[in-house]
Amino acid sequence: MNKFLFLISPLLVLLPQIPAAVLTVDNNAGSVAMFTGVQAAINAANTGDTILIAGSPNFYGDLHV
């Protein structure tokens, strides 16, 4: 057990330093965003992630709260 803790302890120190992801949503034609719908981005997001939603004349009507 002590060997296990000795080996895993350095990983636990690095864990909080893992950067959060930035997920992009854009439903405009020709966009290179990761998602075209807000709900898909929410479903893929982890704690601490940021979701950036592009302005659009098209309705983002897929949100289910």
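Me: Which side chain does the side chain of Asp 26 make a polar contact with?
Reply: The one of Asn 28, at 2.6 Å. Keep in mind that this is a predicted model.

Me: Ok. Where is Asp 26 found?
Reply: In the loop between β1 and α2.

Me: And is Asp 26 buried or exposed?
Reply: Asp 26 has a relative accessible area of 16%, and the cut-off for buried is under 20%, so Asp 26 counts as buried.

Me: What is Asp 26 in contact with, leaving aside its neighbours within four places in sequence?
Reply: Ser 31, Ala 33, Phe 35, Thr 36, Ala 54 and Tyr 60.

Me: Let's follow Tyr 60 then. What does Tyr 60 touch, again not counting residues up to four places away?
Reply: Asp 26 turns up there, along with Val 25, Asn 27, Thr 36, Val 38, Ile 53 and Ala 54. Tyr 60 also belongs to the largest nonpolar core.

Me: Which residues make up that largest nonpolar core?
Reply: There are 6 residues in it: Leu 23, Val 25, Phe 35, Val 38, Ala 41 and Tyr 60. Two elements, β1 (22-25) and α2 (38-44), give two or more residues each to this core. As a general point, nonpolar side chains in soluble globular proteins tend to be buried together.

Me: Stepping back a bit, how many helices and strands does the protein chain have?
Reply: 2 helices and 2 strands. From the N terminus on, the order is α-β-α-β.

Me: How are β1 and β2 joined?
Reply: By 4 bridges, with the two strands running parallel; β2 covers residues 50-53. To get from β1 to β2 the chain passes through α2, and that β-α-β crossover is right-handed.

Me: Which residues in β2 stand opposite Leu 23 and Thr 24?
Reply: Leu 23 has Ile 51 opposite, while Thr 24 faces Leu 52.

Me: What about the faces of β1, which residues are on the covered one and which on the uncovered one?
Reply: Leu 23 and Val 25 form the covered face, and Val 22 and Thr 24 the uncovered one. In a regular strand, side chains alternate between the two faces of the sheet. Both residues of the covered face, Leu 23 and Val 25, are in the largest nonpolar core too.

Me: Back to Ile 51. Why does Ile 51 count as partly exposed?
Reply: Because its relative accessibility is 27%, and partly exposed sits between the 20% and 50% cut-offs.

Me: How far apart are Ile 51 and Leu 23?
Reply: 28 residues in sequence, but 4.7 Å in space, C-alpha to C-alpha.

Me: And what does Ile 51 touch, not counting residues up to four places away?
Reply: Leu 23 and Val 25, and also Ala 41, Ile 42 and Ala 45.

Me: New topic: Gly 61. Where is Gly 61 found?
Reply: In the segment after β2. Gly 61 is partly exposed, with a relative accessible area of 47%. From Gly 61 to Val 38 the C-alpha to C-alpha distance is 8.3 Å, with their positions 23 residues apart in sequence terms.

Me: Last thing, the whole chain. What percentage of residues count as buried?
Reply: 15% of the 65 residues. The accessible surface comes to about 5,200 Å², with 67% belonging to carbon and sulfur atoms.

Me: And what share of the contacts with a separation of 6 or more comes from residues 24 or more positions apart?
Reply: 51% of them.

Terms used. Residues numbered from 1 in each chain as written. Predicted model: local features only at pLDDT ≥ 70, side-chain atom pairs only at ≥ 80, totals over all residues. Heavy atoms only, no water. Core = buried A, V, L, I, M, F, W, Y, C linked by side-chain atoms within 4.5 Å. Buried < 20%, exposed > 50% of the residue type's maximum accessible area, 1.4 Å probe, protein only. Contact = heavy atoms within 4.5 Å. Areas by Shrake-Rupley, 256 points an atom, 1.4 Å probe, with all protein chains shown as cover. Polar contact = N/O pair within 3.5 Å; in protein donor to acceptor, adjacent residues only side chain to side chain. Pairing = 2+ DSSP bridges. Right-handed = clockwise from strand over helix to strand, strands pointing away.
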